[in-house]
Amino acid sequence: MNKRIVVDPITRIEGHLRIEAELGEDGAIKSAYSSGTMVRGIELILKGRDPREAWAFAQRICGVCTLVHGLASVRAVENALGYDIPANAQLIRNLMVGAQYVHDHVMHFYHLHALDWVDVVSALKADPKATSELAQSISSYAKSSPGYFADVQKKVKTFVESGQLGIFANGFWGHPEYRLPPEANLMALAHYLEALAWQRDVVQIHTIFGGKNPHPNFLVGGVPAPLSAGPGTAGDGSASTAVNIVTLNQVRAIIKSMRDFVEQVYIPDTLAIAGFYKDWFARGEGLGNFMTYGDFPADGHAKNSSLLIPAGVILNRDLSHIEPVDLNDPQQIQEFAAHSWYEYSVGKEAGLHPYVGETNLAYSGPKPPYEQLDVEKSYSWLKAPRWRNKAVEVGPLARVLMLYAKGHEQTRELTDGALKKLDLPLTAMFSTMGRTAARALETKIIADQMDGWLDSLLANINRGEVSVHNNVLWDPATWPAKARGVGFMEAPRGALAHWVVIKDGKIENYQAVVPSTWNAGPRDATGQSGAYEAALADRHQLADAKQPLEIQRTIHSFDPCLACAVHVVDPDGAELVSIEVT
Ligand code: NFE
Ligand code: MG
């Protein structure tokens with residue numbers, strides 16, 4: 001076996017990811033291997049259950065993209081049973097998913113990704129006055145005085161001097177590839193702390209409509225949030241428990257706080273940081289194939305309505321042609337386990353459509369612990385999903401490219417404007433930094449839609465239309481003996497779908513194919529790499545093989561979530577098998 005650089009675990013992500021990379025003679029990464037090292041098996045837990053409760057289990061796939069698996073699950077069951085949902089329910093779902101995007105993307109940028117570009121220790125050398133000037137030159141954000149930055153610096157200095165870096169421990173501080181001046185580092189660090197406080201407001205949208213966060217409540221056929229056209233008080237003068245004008249005004253205020261933060265902090269910071277790392281717009285592309293399933297029904301109805309984010313596949317960077325996606329077509333969506341720690345009843349080389357998908361943990365070859373992944377055989381708990389046998393990337397970059405290709409005006413303005421500022425061509429988007437920039441731009445696109453969804457919801461309520469649930473098919477006795485359906489959405493990390501097969505009122509088969517599986521999956525039966533693997537093999541020269549910051553930058557640009565990707569939170573595979581058997 002060749003000697004490989006091993007990064008395990010990749011930190012500042014959700015879940016357990018190992019990367020092995022082989023360097024060529026020129027010192028650049030020649031081939032890379034992505035491995036999910038923790039097994040899960042929500043699919044096995046769901047078998048035999050009532051499909052109406054599947055969402056509550058499926059949602060526990062992840063606590064980061066909390067809610068998206070709940071929504072994909074209820075949509076799958078609604079699709080299988082032919083449920084149509086009230087417009088209000090759809091608008092509330094849009095608002096909840098919109099809040100999730102803004103929360104998730106901002107947290108990813110500041111708390112999981114920024115420190116790949118921002119050197120915390122260097123921020124201590126910054127001049128607070130010069131930092132204030134820099135901040136005011138790129139944004140109108142109010143917190144930008146020299147005193148504010150001096151306070152932040154003092155706070156962080158106390159951490160560092162005590163030798164307890166806490167959340168900042170184990171960085172590659174001082175690495176020669178950190179290029180921001182101390183002032184830009186201090187500004188970003190201040191916003192890192194600011195975002196921690198701000199996110200507490202954002203998640204209240206989930207508590208208002210779904211009772212709590214993480215893991216707000218969902219309901220097959222609608223949403224579990226009753227609406228009231230009346231005032232914010234019940235008849236006896238106590239606070240009303242229904243969503244009413246008082247709580248909706250609160251939602252309005254939170255949307256404003258989200259939009260302000262995105263516009264005044266997140267986007268300017270992203271562009272300012274990107275300006276120092278322009279060479280990262282020329283590496284880390286990888287596949288050049290992108291896929292979206294589409295989401296955010298415009299008029300409130302899930303059926304036959306136009307989606308804000310269109311569905312499709314872009315191949316080989318060609319934005320002039322979009323292939324349609326059919327999630328029910330067994331030739332289009334398949335999962336391969338040729339290089340995964342699973343067995344298939346039809347043989348390990350086969351691809352299976354999710355309706356007939358298998359989660360079989362019987363693979364007997366070497367699994368963790370190992371010294372090095374056995375990449376010729378199987379090396380990951382992730383499967384390798386493919387669209388028409390092709391590896392595709394999903395996520396913010398795929399969505400922005402799809403919106404751009406379809407001529408979405410705001411997307412074109414934002415993308416062209418950002419590239420102009422950075423003096424870069426559109427092709428720069430096909431890169432590590434392009435992915436990070438696309439995430440910031442789509443956060444604004446989604447946040448800007450939220451007031452409109454709230455307006456529509458309020459207009460319905462003012463007309464006396466307060467329906468949030470369709471219970472016409474609630475009784476399983478009315479269901480066909482056999483039904484199947486797919487629920488899709490755009491989760492923050494990309495195209496997400498759950499497939500459910502229902503027999504005699506119970507779940508016969510359930511498969512979730514999630515964004516991080518598309519992106520982080522291993523090679524397939526024909527040896528094609530997944531998106532992470534391909535991106536790392538795209539011009540990554542390591543300045544210091546002992547501190548592989550470059551690997552971290554590109555992997556983090558995808559915002560990995562391995563908890564999602566290897567859907568039972570139990571690192572003990574043997575125990576899990578016994579769950580399946582009982
Ligand atoms: Ni656990 Fe998730 C999102 C989903 S990604 S974060 O977004 O689905 O695998
Ligand atoms: Mg799966």
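In this predicted model, tyrosine 148 sits in helix α6, which spans residues 146-161. Its relative accessible area is 16%, so tyrosine 148 is buried. Beyond its neighbours within four places in sequence, tyrosine 148 is in contact with Lys143, Ala190 and Glu194. Isoleucine 502 lies 354 residues from tyrosine 148 in sequence, and the C-alpha atoms of the two are 58 Å apart in space.

Ligand 1 contains a nickel atom and an iron atom, 3.1 Å apart and bridged by cysteine 564. The table lists the protein donors and the geometry of each metal.

| Metal of ligand 1 | Protein donors | Donor distance | Angles between the four donor atoms | Arrangement |
|---|---|---|---|---|
| Nickel atom | Cys62 (SG), Cys561 (SG), Cys564 (SG) | 2.2 to 2.3 Å | 102 to 125 degrees | tetrahedral |
| Iron atom | Cys65 (SG), Cys564 (SG) | 2.4 to 2.8 Å | 76 to 166 degrees | irregular |

The arrangement around the nickel atom counts as tetrahedral because its angles, 102 to 125 degrees, fall between the limits of 85 and 135 degrees. The donor residues of the nickel atom follow the spacing C-x498-C-x2-C in sequence. Distant parts of the chain are thereby linked: cysteine 62 is in the loop between α2 and α3, and cysteine 564 is in helix α16, 502 residues away.

Around the iron atom, the four donor atoms subtend angles of 76 to 166 degrees, so the arrangement is irregular. Here the pair is cysteine 65, in the loop between α2 (54-58) and α3 (68-81), and cysteine 564, in helix α16 (residues 562-565), with their positions 499 residues apart.

Cysteine 62 is buried at 1% relative accessibility, and cysteine 564 is buried at 3%. Cysteine 65 is also buried.

Methods:
Residues numbered from 1 in each chain as written. Chains lettered and ligands numbered in written order. Predicted model: local features only at pLDDT ≥ 70, side-chain atom pairs only at ≥ 80, totals over all residues. Heavy atoms only, no water. Donors = N, O, S within 2.8 Å, 3.2 Å for Na, K, Ca; no water. Tetrahedral: all angles 85-135°; square planar, octahedral: opposite > 155°, others 65-115°. Helix = DSSP H or I, 4+ residues; strand = E, 2+ residues; numbered from the N terminus. Buried < 20%, exposed > 50% of the residue type's maximum accessible area, 1.4 Å probe, protein only. Contact = heavy atoms within 4.5 Å.
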